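Got a few minutes for a quick tour of this model? Have the sequence and the 3D view open while you read.

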Amino acid sequence: MPKQDGARIAILGAGPIGLEAALYARRLNLPATVYERGRVGEHLLRWGHVRLFSPFAMNTTPLGRAAILAENPQHSFPADSECISGREHHAAYFAPLARTSVLKDVLRTETHVIAVGRRGHRKTDSGDLRAKQPFRLLVRDAKKLERCDEADVVLDCTGVYGQHRWLGDGGIPAVGEGAAETQIVYNLDDILGERKSFYAGKSVLLVGGGFSAATSVCNLAQLADEQQATWVTWLARCTSTQPLRRIANDPLRERDRLAVRANTLATRGDGNVEFHNQSVVESIESLGPDRGFKVSVRCGGKQRVWEVDRIVANIGYQPDSRLYRELQVTEQPASQSPAANSPGPSGTRTSEPGFFVLGAKSYGRNSHFLLRDGFVQVREVFARVTGKAELDLYRR
């Protein structure tokens, strides 16, 4: 581990956890730079129409609130118990935090960190000297100009939302999926808002058995109530007739309500929804731009073919390891978590000294990450970086 006093900290990603890490570093008077490929809160804004499961209080910290109020004492936050949308959270908390004087000078937006390595060492090199060398970051700015920056500590907070998984059996692309990729919707689309006309009156094949798919099917069913020609064929790999597994005594009531509503749509066929379990997509044939698809599916042991106008693939996300492929970072075989520990609030430390993975990326393919888990990770990382095990700036 590099020398902690004055350690140069590079934070990759200006999402909720990256920004929180930068705030924590600045409160400790540590030099920090935040590199963001797009806008501040890019991923948050992409699914910003979606309502969060967790109440506002769980998605903020005392440090963040204090930083905002120090510069704008009249700023009004939503109620602690309120569950708001991603865009509302961005407007009420995230954007004001990014504009504070403590953070605005450390943010580098439209700045893409392409790769991270060690000065003078390749991935295959070993020895005690390796950990004493700084990291080298290949950076491309908004003008497409490249340079190399150095840092003593790197916090990868880039998330997973930009890397979708594939529809085919075994986790690989279905036949023809690669060619049709740009026509398939893999993210949480704004079905009832900006993209309403894209889905209204169309036949939609929805694939997925998690909460993202549940969000989409509920929105599509609501649209079908307004536009009766809208029809949804929902496919999931599960054997149960209820795709969403509810969490016993779920403390997040909004999450449980979503599961109940989605399961009801699957079992009753309300909202022009037709659900099929034990289903795997085998091939996709695009019929041309905006002319639909022919999709071959193995469904309950039988072959089915659907011709649909739209495909929504809410099948999950995965970490992109290309960023650190020249570092000695190992991944958990099943979850693809890059952390040395099991995924969870404490799963930040990697096998590369001084390189930490925080946020959703630290969970790999596990989708149960909550922002409050990331705040715990931030606290833990800086306890390690400073060598002060009891350090906790959140303690009041």
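Here's a rundown of salt bridges, two buried side chains in loops, and one helix pair. Keep in mind that this is a predicted model. A search of the whole structure turns up 26 salt bridges, and a handful of them are picked out below. After that come Gln 318 and Arg 130, each sitting in a loop between two strands, and then the packing of helix H1 (residues 16-27) with helix H3 (residues 62-71).

**Salt bridges**

- Arg 87 and Asp 190 pair up through their side chains, with 3.8 Å from N to O. Arg 87 belongs to helix H4 (residues 86-98), while Asp 190 is in the loop between helix H6 (177-180) and helix H7 (196-199), so this bridge ties together parts that are 103 residues apart in sequence.
- The two partners differ in how they're classed: Arg 87 is partly exposed at 34% relative accessibility, whereas Asp 190 comes in at 11% and counts as buried.
- Asp 250 bridges to Arg 255, and their closest N and O atoms are 2.8 Å apart. Asp 250 is buried at 11% relative accessibility, and Arg 255 is buried too, with a relative accessible area of 11%.
- Glu 380 and Arg 384 make another salt bridge, with the closest N and O atoms 4.0 Å apart. Both residues are in helix H10 (residues 371-386), and their spacing of 4 residues is about one turn of the helix.
- In that H10 pair, Arg 384 is partly exposed at 37% relative accessibility. Glu 380 has a relative accessible area of 17%, so it falls under the 20% cut-off and counts as buried.
- There's also a network: salt bridges link Arg 8, Arg 119, Glu 150 and Asp 152.

**Gln 318**

- You'll find Gln 318 in the loop between strand S14 (310-313) and strand S15 (355-357). Its relative accessible area is 15%, so it's buried.
- The side chain of Gln 318 makes a polar contact of 2.7 Å with the side chain of Arg 365. A polar atom of the Gln 318 side chain also lies 3.5 Å from the backbone oxygen of His 164.
- Setting aside neighbours within four places in sequence, Gln 318 is in contact with Val 160, Gln 163, His 164, Arg 165, Gln 336 and Arg 365.

**Arg 130**

- Arg 130 is in the loop between strand S4 (112-118) and strand S5 (135-140). With a relative accessible area of 4%, Arg 130 is buried.
- Leaving out neighbours within four places in sequence, the contacts of Arg 130 include Arg 118, His 121, Arg 122, Lys 123 and Asp 125. Glu 326, Leu 327, Gln 328 and Glu 352 are also among the residues that Arg 130 touches.

**Helices H1 and H3**

- H1 and H3 pack at an angle of about 75°, and their axes are 10 Å apart. That angle lies within the 65 to 115 degree range, so the two helices are roughly perpendicular to each other.
- On the H1 side, the residues that meet H3 are Glu 20, Leu 23, Tyr 24 and Arg 27. Across from them, H3 brings in Leu 63, Gly 64 and Ala 67.
- By residue type, this H1-H3 contact divides into 4 nonpolar, 1 polar and 2 charged.

Note on methods: Residues are numbered from 1 along each chain as its sequence is written. This is a predicted model: local features need pLDDT of at least 70, side-chain atom pairs count only at pLDDT 80 or more; totals for chains, interfaces and linings use all residues. Side-chain values use heavy atoms; hydrogens and water are left out. Buried means under 20% relative accessible area, exposed over 50%, partly exposed in between (1.4 Å probe, protein chains only). A polar contact is a pair of N or O atoms within 3.5 Å; within protein, one must be able to donate a hydrogen and the other to accept it, and residues adjacent in sequence count only if both atoms are side-chain atoms. Contact means heavy atoms within 4.5 Å. Axes are lines fitted to C-alpha atoms, for helices over the stretch in contact, and angles run from 0 to 180 degrees between N-to-C directions. Angles under 35 degrees count as roughly parallel, over 145 as roughly antiparallel, 65 to 115 as roughly perpendicular and the rest as oblique. Ala, Val, Leu, Ile, Met, Phe, Trp, Tyr, Cys and Pro count as nonpolar, Asp, Glu, Lys and Arg as charged, and the others, Gly among them, as polar.
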